[in-house]
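Please give a tour of this model for a viewer session, saying what to select at each stop and what is found there.

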Amino acid sequence: MLDLAIIGGGPAGLTAGLYATRGGLKNVVMFEMGMPGGQITQSSEIENYPGVFREDPPLTGMELMESWPKQCMHFGLKHEMAKVKQVKKEGDIFKVIAESGEFEAKSVIVCTGSVPKKAGFKGEDEFFGRGVSTCATCDGFFYKDKEVVVLGGGDTALEEAIYLSNICSKVYLVHRRDKFRAAPPTVERAKKKENIEFILNAHLLEVFGNAMGVEGVKIEQEGKVFELKVPGVFVFVGHNVNNEVLKQDDGSFLCEVNENGQVVVNLRMHTSIPGLFAAGDIRVDAPKQVVCAASDGAIAGMEALNYVQEKFDE
Ligand code: FAD
Ligand code: NAP
């Protein structure tokens with residue numbers, strides 16, 4: 001039986017694994033369906049993780065996360081590369097149902113993070129992966145010296161618009177308001193870029209194209225509809241939490257979640273179920289920052305260690 005099962009291998013899950021194993025838990029497995037690192041590995045730049053900074057070129061998310069798995073594995077964390085379908089609790093024991101099999105665990109930390117939201121315009125699904133993208137680092141280069149649209153007004157949209165402006169000939173930043181959620185310095189940097197054009201108080205109605213991919217978009221701005229001929233559209237309109245693993249057979253959640261599906265935890269990352277912890281973007285009020293996810297993971301790792309030692313050790 002596992003002492004601890006960690007679901008998700010982003011900054012929260014990796015740090016939870018580091019603290020739990022280094023603190024003395026022996027049998028700790030991190031279930032991560034892809035390569036460890038989490039969503040920050042998709043980011044073209046990170047400049048607010050304390051103690052790690054490079055000005056030019058900026059540090060990428062991939063570079064930041066490169067050494068984390070190695071450090072965790074050194075202290076005994078094991079990686080099971082499998083998607084977890086469900087976590088259940090039977091008596092005092094958790095059952096982790098993964099695509100690779102079923103595992104019993106004394107405690108569980110859920111760190112499954114979040115995924116990009118869809119914006120809901122016509123053609124979004126049809127052209128996803130054929131001109132519609134949610135990852136500038138992954139797909140930006142396909143649009144070298146071409147024009148693209150970026151949708152959204154948060155930190156992700158503005159930062160990725162800046163990144164794309166260094167590759168593409170022009171970036172149209174389409175946002176439904178004239179105020180931004182993004183940090184003011186990031187907005188200022190974007191405004192200084194000559195090849196970023198802001199299209200504000202505007203709605204992306206449709207992406208159209210042919211069998212080869214996207215050919216353009218239809219935009220509505222203050223009552224007028226117009227088209228832009230672009231081959232690429234990048235959508236950055238926020239995230240939904242990945243809470244599916246907590247869904248039980250009757251549709252209820254294993255532990256308390258709020259109206260947005262975020263897991264309710266206290267300051268020690270305890271959920272409403274003893275032995276079940278949650279950390280990172282999935283939890284209620286998450287600031288959605290790498291440093292905060294790592295901090296949550298450290299707390300959850302230490303709390304899981306205490307829980308297992310107090311409950312199961314003679
Ligand atoms: P995640 O990083 O989302 O990791 C969750 C992991 O769980 C994923 O690897 C996923 O594969 C895995 N997983 C999910 N479901 C399952 C399952 N059922 N079974 C197995 N594995 C599963 N933050 C900053 O601090 N600074 C920045 O500059 C910054 N820039 C960003 C730029 C972009 C483009 C994006 C998308 C995010 C950015 N963020 C930034 C936010 C930051 O990446 C997140 O807050 C952080 O990664 C959250 O960590 P996490 O461990 O909670 O979740
Ligand atoms: P976000 O802050 O939630 O912003 C989403 C943006 O998309 C908003 O501007 C929103 O418009 C717009 N939007 C939402 N639904 C839409 C729709 N259907 N159609 C068109 N536009 C839509 O999301 P995010 O930018 O991904 O950031 C998520 C979190 O990660 C934030 O907490 C952010 O601070 C953090 N993050 C931080 C950094 C950093 O620190 N450098 C970098 C990236 C992300 P409205 O404004 O009108 O609601």
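**Stop 1: an aromatic cluster**

Select F234: its relative accessibility is 0%, so F234 counts as buried (under 20% relative accessible area; over 50% is exposed and in between is partly exposed, with a 1.4 Å probe and protein chains only). This is a predicted model, in which local features need pLDDT of at least 70, side-chain atom pairs count only at pLDDT 80 or more, and totals for chains, interfaces and linings use all residues. Residues are numbered from 1 along each chain as its sequence is written, chains are lettered from A and ligands numbered from 1 in the order in which they are written, and side-chain values use heavy atoms, with hydrogens and water left out.

Add F236, which counts as buried because its relative accessibility is 8%. Then add Y143, which forms one aromatic cluster with F234 and F236.

The structure holds 7 aromatic pairs (rings of Phe, Tyr and Trp, the last by its six-membered ring, with centres within 6.5 Å). In one of them the ring centres of F234 and F236 are 6.4 Å apart and the planes are at 15°, so this pair is stacked (planes under 30 degrees apart; over 60 is edge-to-face and the rest tilted).

**Stop 2: ligand 1**

Select ligand 1 and the 31 residues around it (those with a heavy atom within 4 Å). E32, Q39, N48, D281 and V290 come nearest. By type, the shell divides into 12 nonpolar, 14 polar and 5 charged residues (nonpolar: Ala, Val, Leu, Ile, Met, Phe, Trp, Tyr, Cys and Pro; charged: Asp, Glu, Lys and Arg; polar: the others, Gly among them).

Now show distances to the ligand. A polar side-chain atom of N48 is 2.9 Å from a nitrogen atom of ligand 1. V84 places a backbone N or O atom 2.9 Å from a nitrogen atom of the ligand. For Q289, a side-chain N or O atom lies 3.0 Å from an oxygen atom of ligand 1. Taken alone, ligand 1 exposes 1,000 Å², of which the protein buries 91% (Shrake-Rupley method, 1.4 Å probe).

Colour α1 (11-22) and α7 (290-312): these are the elements that give two or more residues to the shell (helices are DSSP runs of H or I, at least four residues).

**Stop 3: T60**

Where is T60 placed? Select the loop between β2 (28-31) and α2 (61-65) to find T60 (strands are DSSP runs of E, at least two residues). T60 counts as partly exposed because its relative accessibility is 22%. Leaving aside neighbours within four places in sequence, T60 is in contact (heavy atoms within 4.5 Å) with S43, S44, E45 and I46.

Finally, draw a C-alpha to C-alpha line from T60 to L228: the two are 168 residues apart in sequence and 30 Å apart in space.

Note on methods: Polar contact = N/O pair within 3.5 Å; in protein donor to acceptor, adjacent residues only side chain to side chain.
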